[in-house]
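Please read the following walk through one protein model with the coordinates open beside the text.

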Amino acid sequence: PEVNPANIGLWGVSQAGWVASLAASQSKDVAFMIVITGGGSSPHETELYAYRKAFEEAGLSESDQAQEFAVIDKYMHYLATGEGRADVVSLLEKAESIAKIQSPVLLMFGDQDAHVPTDVAVTKWRDGLKSADNKDVAIVVFPGAAHGIRVGKHGGGSPFADGYAEL
């Protein structure tokens, strides 16, 4: 009874900016929106920006970035159209970027991740880094943790797994 139905709004973080925008565009009952670091730019623009920043931070040359973006472009085309899956799979299976990493690597995964196949990812990281003869590697899989090394059912609002912050 203390909730005024005329004052119900939407609050969200990151990708929720897209969801809140869509919901508000379809309902006149949304009284307000609070969006933290999300929306505005399209998912495609956001993904490309994130990849570019990661490549720059990793120190990839312009030619290496161009090569990686060729794969990403094919992947994005597949996501948008459903066409060219075999090409994307072939490119990703041939990608040997992990096998070139010489820097120390700390990898953290949750064994309950619904977004990343942890077993597959760990195996491919381990194999690739072994091919690079990189021995300065630590791989930690947190029991009971989901994506982002969070435990519980509330995603980003859930606590981190025990030991994550210390690590």
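The paragraphs below go through strand pairs, a helix pair and a few single residues.

The model is predicted. A good place to begin is the N-terminal strand pair. Strand E1, residues 10–13, pairs with strand E2, residues 33–36, in the parallel sense, and four bridges connect the two. Between E1 and E2 the chain passes through helix H1, residues 16–26, and the resulting β-α-β crossover is right-handed. The register can be followed residue by residue: Gly12 is opposite Val35 in E2, and Val13 is opposite Ile36 in E2.

Next come two helices. Helix H2 covers residues 43–58 and helix H3 covers residues 62–81; their axes come within 11 Å and cross at roughly 155°. An angle over 145 degrees counts as roughly antiparallel, and H2 and H3 are therefore roughly antiparallel to each other. As for handedness, H2 passes H3 in a right-handed crossing.

Further along the chain there is another parallel strand pair. Strand E3, residues 105–110, runs parallel to E4, and six bridges join them. The path from E3 to E4 leads through H5, again as a β-α-β crossover, and this crossover is right-handed. Within the pair, Leu107 stands opposite Ile139 in E4.

Helix H5 deserves a closer look at the level of side chains. Which backbone oxygen does the side chain of Thr118 reach? It is that of Gly110, at 2.7 Å. Thr118 belongs to helix H5. Its relative accessible area is 7%, and because buried means under 20%, Thr118 is buried.

Thr123 is also found in helix H5, which spans residues 118–131. A polar atom of the Thr123 side chain lies 2.9 Å from the backbone oxygen of Asp119. Is Thr123 buried, partly exposed or exposed? With a relative accessible area of 41%, Thr123 is partly exposed, since that class lies between the cut-offs of 20% and 50%. For a sense of distance across the model, the C-alpha atoms of Thr123 and Met76 are separated by 25 Å, with the two residues 47 apart along the chain.

Two residues remain, and the backbone is the point of interest in each. Asp133 sits in the loop between H5 and strand E4, residues 137–142. Asp133 is not a glycine, yet its phi is positive, at about 55°. The relative accessibility of Asp133 is 52%, and because exposed means over 50%, Asp133 counts as exposed.

Ile149 lies in the segment after E4. Ile149 likewise has a positive phi, of about 60°, although it is not a glycine. Where Asp133 counts as exposed, Ile149 is buried, with a relative accessible area of 5%.

To retrace the route: E1 and E2 pair in the parallel sense, and E3 and E4 run parallel as well. H1 lies on the chain path from E1 to E2, while H5 lies on the path from E3 to E4. H2 and H3 are roughly antiparallel to each other.

Definitions and conventions:
Residues numbered from 1 in each chain as written. Predicted model: local features only at pLDDT ≥ 70, side-chain atom pairs only at ≥ 80, totals over all residues. Heavy atoms only, no water. Buried < 20%, exposed > 50% of the residue type's maximum accessible area, 1.4 Å probe, protein only. Polar contact = N/O pair within 3.5 Å; in protein donor to acceptor, adjacent residues only side chain to side chain. Pairing = 2+ DSSP bridges. Right-handed = clockwise from strand over helix to strand, strands pointing away. Axes fitted to C-alpha atoms, helices over the stretch in contact; angles between N-to-C directions. Parallel < 35°, antiparallel > 145°, perpendicular 65-115°, else oblique. Left-handed = near helix turned anticlockwise from the far one by under 90°.
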